[in-house]
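Trainee: I'm new to this one, and I'd like a close look at a single part. Could you pick one helix and walk me through its sides and surroundings?

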Amino acid sequence: MHIPSIPGYEFYEGPPTLADLWSRPDGDYPHGFWPETELSRIEAAPTGWLTIEEHFHRDDMYGGTHSLLIDPAARERVLSSTGWSGHHDVGQVEVWADGTFSDGLTARQSDDGGALAFFSAVREHHRLVEPTFEITPTFLWYWDAFPTDDGWSYLNAAGRDVELIRVRLAMDAWKVEVAALELRTYLADAHRELLVQKDYTIKTDHAPFARVDSSCKKPWLNFDWFAMHEASMEEHPSFSTVMGKYVVEGARTSRVRRIDERDEPKRYVEFVYGIDSNTGEVLRHTCDPNQLGDYGDSSRQHSMTPVYFAREVLGRYAGEPARYSVTTNRISCLDLWGLDIGTNTVGLVEVYLGDLGRLTEAEQSHWLAHNVQPEGAMDEGRFRRDFLNQWASSPDPVGELRRARTRAAEATAVLLGAPVWRYLDTQTSREFEELLGPTTSDPSAIAAPTIILTKALVDGIDPKPLKKYLGGAQPNERSLSLLRRFLVELGDAENSVEAFIALQGFRSAGGIAHLGGSGAAAARQNLGIDGMPPQKAFLTVTGRLAAALQHITALVEAADRAKA
């Protein structure tokens, strides 16, 4: 029977750990005294999470881990003993009797002098506050890392968070782990090795037994272990201790800095871009820029061949507005990358094949998952801009709505002395500016965009200038009623306020959800979206609201001209 390698189980065939290299010595000591669990955490080439700082004290066991940087040339000298190196030099500032100053960043005078440098430490503060963790800034700078709630992370070339350091601190115990692949890449470029030092003791009240000693020394480690019974120790007279150190070498791993990741060889995805009319088979082509042609090279697939995607592809980006900016024609990830997009006549997201090749492998895979066969036609504005070099605009219903709100606010401010649509708070303003609309076909996808529209266009109405103009408000007369009476006085024959009343009713009746209340169906009908899929419903609502705002603006501007 063939079983795949499963980490953490006895048939895992991974790199050897110290537990594999160091056999349990014979003796009558308690079986639990042999620190197999701790030894299994020690390996020369770690790939997962590496503990660099640890401290704990329990009734049955206590100990810890501490790490330093060393010069590779000094490895043999540093590993000549199992005692901790740099214990009183590195990480502590001293002014010595001879007047010299030790900054704690490198070892001063010792057998390891000049070979040791600070890497990490956890400092206690007399139990006044919780301990604090520190690590050499060059490691953080190397990865352009930023702090998180429980450690440090960095951004890869795709703009995604990658966890770098995990920190768990408490008054009496702590543990700090670092991503081993990132550490080894850093060590390779820094021409350093990491010295990891460990000291753990297991204790119990077992009956007396003869002392047992054992040691293990390899080119990359040196450890001692002993188990003994000491009758003079009234509490837990039996104990075992393992103490030693090992080095982790630098290596160029698969984890590289963001700036270097762009130069790494990458694989390119093949995307569906068409259908063979003779066979009905889908046509695929790589997005590798080196295998694409241009206007002067007809022998290869053109780099501006459009490729189409279901709208769901945008959900990943729309869901993280702090990281991504999504407009009708572009997606941007911070200051790291951008991708020009379009929306064709049937609502598919459209991207040029060559542009996809500039994405990272991970992003290409995301887009591939939403790749669909061509359907519909390219937006005329985009075709004229990109292929005819003509100035032309593309449909931008949300942008038009935002502009209509701004013009309505400006017009009412001139007539009334203050805008009816007031400035939005920071959160609502950001949501309105980044409003994209539904990115799935699930009926509930209309919910969040509708709430944002209501906050910006209904909750955003300021009743004060309306009351002032109308000479006060009637009992229980609120913003929409005031707006209706204001528009009637201006001669509104189209009843423009109904679009906002329908929007408010849709939210209030529970119609934003798939399983809305009993009034949901009527609310959808009043809004004019009954039976529509989410994206079409959203476009219908934004179009209706924009038209209402434009009509209101025209009425207000006409009234202002008449007053003049």
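Mentor: Let's take helix 17, which covers residues 520–527; four of its residues, Ala-520, Ala-523, Arg-524 and Leu-527, are buried. Keep in mind as we go that this is a predicted model. Now look down the axis of helix 17: the buried residues fall within an arc of 100°, so they line one face of the helix. Buried here stands for under 20% relative accessible area, and Arg-524 meets that just as Ala-520, Ala-523 and Leu-527 do. Turn to the other side of helix 17 and you'll find Gln-525 and Asn-526, which are exposed. That gives you two sides to keep apart: one face lined by the buried residues, and another side where Gln-525 and Asn-526 are exposed.

What do the buried residues of helix 17 pack against? They have two partners, helix 16 (498–508) and helix 18 (534–563). So when you follow Ala-520, Ala-523, Arg-524 and Leu-527 in the viewer, look for helix 16 and helix 18 as the elements that the buried residues of helix 17 pack against.

Last, go to where the helix stops. Helix 17 is followed by Gly-528, and the phi of this glycine is positive, near 85°. To retrace the path, start at Ala-520, one of the buried residues, go past the exposed Gln-525 and Asn-526, reach the buried Leu-527, and finish at Gly-528 with its positive phi.

Methods
Residues are numbered from 1 along each chain as its sequence is written. This is a predicted model: local features need pLDDT of at least 70, side-chain atom pairs count only at pLDDT 80 or more; totals for chains, interfaces and linings use all residues. Side-chain values use heavy atoms; hydrogens and water are left out. Buried means under 20% relative accessible area, exposed over 50%, partly exposed in between (1.4 Å probe, protein chains only). The arc is that of the directions from the helix axis to the C-beta atoms. Contact means heavy atoms within 4.5 Å.
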